[in-house]
Amino acid sequence: MTEMDAPLATPCNIQICEVTCDSFRIMWDMPPEDTARATHFFIDLSRKENRDPNRFKHRDVPTKLVAKAVPLPMAVRGHWFLSPRTEYCVAVQTAVRQSDGDYLVSEWSPVVEFCTGDYAMEHLQQLLDKASGPAGRLLRFSVFYRNQHPQYFDYVRRQCGGLMRPALKDTSGSHGSPINGKLQGVFFSCNTEFDTGLPPKDSPYGPLRFHIPAGVLLNPNTCLYFADFYCMYTAYHYVVLVLAPVGTEGDDFCRTRLPRLDLASNPFLTYTAPQRQGEEPVYCHASDVILEVLFTEPVHVDQGSVEQISGHHQLMSLTTANAKKDPSCKVCNISVGR
């Protein structure tokens, strides 16, 4: 048996590092003699929940990554459209391409699992740029509002001392948004109807509506962040914004993860300070997207008022709770695998 025909050792001690939402680096241990003669690496990557137990053989390479041997760690990016926040399984083979075009291969390494990360700031900036066009013109508004069922407000008054406490953001919207399942807040709306300039009469979230003056939540002591842009297989698009009072835990969380918006100049939600003595601030919202505004601190019901809506309470199926983003929409999706 010649040196070139000697078996290759099974790769071991697989390590994954520098994981992002769309890339990772991989390295493993192999004997120096294998390092010297390996010409190719075979990488088998699959989603954890869909992993095929029948490992592919070296001839079945069209669905797997075949890479020329490079110094480790090796970067893996762009060969698959990796999804953010997704668990993957990965295994490797080393190979020597022989003179007849066939490969001498090692056994497959043990399978290693890892999870991709959230959208990075650059990806959120892409989403922000995409959302800016469809946002439409700015319309004035005067209150933030929040619809709920009577039981919710009874609970708030009796069990929470009147405080609407922040709750963990659900998984609705873009899978890679850094706030999903990680940031707590109280959701508010601010969209108004074109003809009345008032909040809509109907809501799928409940027949009671809490109103609070816009300036209580949106003011110079509050930071505004962009968090998401998505749709749910409909023509309507949603923009998720975060309002975090300066210096709070919510502000600290958002500062390194989300693009910060200028309160006075952005396409979605603005605060314009009074220009003259005696004037009131001006608050505006984007007209052509539905804004979901997450306020990161508790809000007391005594800071506003609760009223019955005049329209119908719509079906809960119309809410965005845990709603999945339409992956085929060209308006609100970005490519992170390039």
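**View 1. Leu 168 stands opposite Gln 184 in strand E13.** The model shown here and in the other views is predicted. Strand E13 covers residues 184-188 and pairs with strand E12 in the antiparallel sense, over two bridges. Both strands belong to an open sheet of six strands, ordered E12-E13-E20-E16-E15-E17, in which the pairing is mixed. E12 (167-168) and E17 (260-261) stand at the edges with a single partner strand each, so one side of each has no neighbour in the sheet.

**View 2. Helix H2 lies across strands E15, E16 and E17.** The helix spans residues 121-132 and runs at about 80 degrees to E15. Strand E15 comprises residues 222-230, and strand E16 comprises residues 238-245. In the sheet order, E15 sits between E16 and E17.

**View 3. The largest nonpolar core contains 60 residues.** The residues with the most contacts inside this core are Phe 144, Met 164, Phe 188, Phe 226, Val 242, Phe 268 and Leu 269. A second core, of 19 residues, is separate from it; Ile 14, Ile 26, Trp 28 and Val 90 are among its members. Nonpolar side chains tend to be buried together in soluble globular proteins.

**View 4. Strands E1, E2 and E5 form an open sheet with antiparallel pairing.** The order of the three strands is E1-E2-E5. E1 (12-17) and E5 (74-77) are the edge strands; each has a single partner strand, so one side of each is left without a neighbour in the sheet. On average, neighbouring strands of this sheet are turned by 30 degrees against each other, direction ignored. E1 and E2 (residues 23-29) run antiparallel and are joined by four bridges. Gln 15 has Met 27 in E2 as its bridge partner.

**View 5. Ser 109 lies in the loop between strands E7 and E8.** The flanking strands are E7 (103-105) and E8 (112-115). Is Ser 109 buried or exposed? Its relative accessible area is 5%, and Ser 109 is therefore buried, the cut-off being under 20%. Apart from neighbours within four places in sequence, Ser 109 is in contact with Thr 10, Pro 11, Ile 14, Ala 91 and Val 92. Of these contacts, Ile 14 is also included in the core of 19 residues.

**View 6. The whole protein has five helices and 22 strands.** Of its 338 residues, 47% are buried. Among contacts between residues at least 6 apart in sequence, 76% join residues at least 24 apart. The protein exposes about 17,200 Å², of which carbon and sulfur atoms supply 52%.

Notes. Residues numbered from 1 in each chain as written. Predicted model: local features only at pLDDT ≥ 70, side-chain atom pairs only at ≥ 80, totals over all residues. Heavy atoms only, no water. Buried < 20%, exposed > 50% of the residue type's maximum accessible area, 1.4 Å probe, protein only. Contact = heavy atoms within 4.5 Å. Areas by Shrake-Rupley, 256 points an atom, 1.4 Å probe, with all protein chains shown as cover. Pairing = 2+ DSSP bridges. Axes fitted to C-alpha atoms, helices over the stretch in contact; angles between N-to-C directions. Core = buried A, V, L, I, M, F, W, Y, C linked by side-chain atoms within 4.5 Å.
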